[in-house]
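Here are a few exercises to work through with the model open on your screen. Try each one yourself before reading the solution.

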Amino acid sequence: MVAAPTLADDAPVVAHPSGARIIAGIKAAGVREIVALPDIVTSDGLLWPISRDPDFRLTRICKEDEGVSICGAMSYNGTRSVLMMQQTGLMDSLNAIRAIGVDYERPIVMMVGLQGKEPHVHPDQSASYGVRIIRPVLDAMQISHSMIEEPEDVDHVPQAIAAAYAASHPHIFLIGRAPEAV
């Protein structure tokens with residue numbers, strides 16, 4: 001007896017961004033400080049390789065809004081950092097992002113894994129409510145954000161980080177497909 005195909009079996013094959021290229025882009029932007037909570041979307045391709053990379057100092061935190069405060073504080077002395085989390089933590093820390101990133105004009109740069117997003121679907125069309133609302137919420141808050149899903153989406157990482165620091169405003173990379181660990 002052959003089992004009926006599942007939704008995953010019917011889903012189109014998609015390309016994933018390279019974790020190594022994202023890490024290279026972070027380095028090219030002059031970032032050496034990573035503040036993070038584990039995230040199922042980015043752990044294999046980004047967080048674990050970063051944790052072993054001697055070019056980075058990794059600060060593990062318990063709550064995402066702690067990370068916003070830490071990254072904001074580092075920006076006062078010119079230290080560039082990236083905060084890594086998933087979208088549930090982003091939603092939980094929106095008030096800290098609003099206060100520190102927007103009101104105090106600090107360049108909080110975040111890489112946010114969209115946990116539960118289907119790899120072949122745009123986030124705005126996801127079956128997951130928690131994924132579907134992220135971009136509209138960020139748009140309403142006028143917070144700069146960009147997607148990392150396709151391999152070529154990685155190309156803008158250094159420029160987006162540099163722009164966030166030049167303008168002293170937050171930028172959020174929404175990672176919709178797990179980066180490949182290479």
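**Exercise 1.** In which strand is the place of S144? Once you have it, work out how S144 sits in its surroundings.

*Solution.* Keep in mind that this is a predicted model. Start with the address: S144 belongs to strand β5. Next, check exposure. Its relative accessibility is 37%, and partly exposed covers the range between 20% and 50%, so S144 counts as partly exposed. Now look for neighbours, skipping residues up to four places away in sequence: S144 touches P170, H171 and I172. With P170, the C-alpha atoms are 6.5 Å apart, although 26 residues separate the two along the chain. With H171, the side chains make a polar contact at 2.6 Å.

**Exercise 2.** Which strands pair with β6, and in what sense?

*Solution.* Take one partner at a time. Strand β4 (residues 109-113) pairs with β6 in the parallel sense, over five bridges; here V109 stands opposite H171. Strand β5 (residues 144-148) also pairs with β6 in the parallel sense, over five bridges, and S146 has F173 as its bridge partner. To get from β5 to β6, the chain goes through helix α9 (residues 157-167), making a right-handed β-α-β crossover.

**Exercise 3.** Is strand β6 largely enclosed or open? Sort its side chains by direction, too.

*Solution.* Count first: five of the five residues in β6 (residues 171-175) are buried, so the strand is largely enclosed by the rest of the structure. Then sort: H171, F173 and I175 point one way, while I172 and L174 point the other way. That fits the rule that side chains in a regular strand alternate between the two faces of the sheet.

Definitions and conventions
Residues are numbered from 1 along each chain as its sequence is written. This is a predicted model: local features need pLDDT of at least 70, side-chain atom pairs count only at pLDDT 80 or more; totals for chains, interfaces and linings use all residues. Side-chain values use heavy atoms; hydrogens and water are left out. Buried means under 20% relative accessible area, exposed over 50%, partly exposed in between (1.4 Å probe, protein chains only). Helices (H or I, at least four residues) and strands (E, at least two) are DSSP runs, numbered from the N terminus. Two strands pair if DSSP finds at least two bridges between them. A crossover is right-handed if, with the strands pointing away from the viewer, the path from the first strand over the helix to the second runs clockwise. Contact means heavy atoms within 4.5 Å. A polar contact is a pair of N or O atoms within 3.5 Å; within protein, one must be able to donate a hydrogen and the other to accept it, and residues adjacent in sequence count only if both atoms are side-chain atoms.
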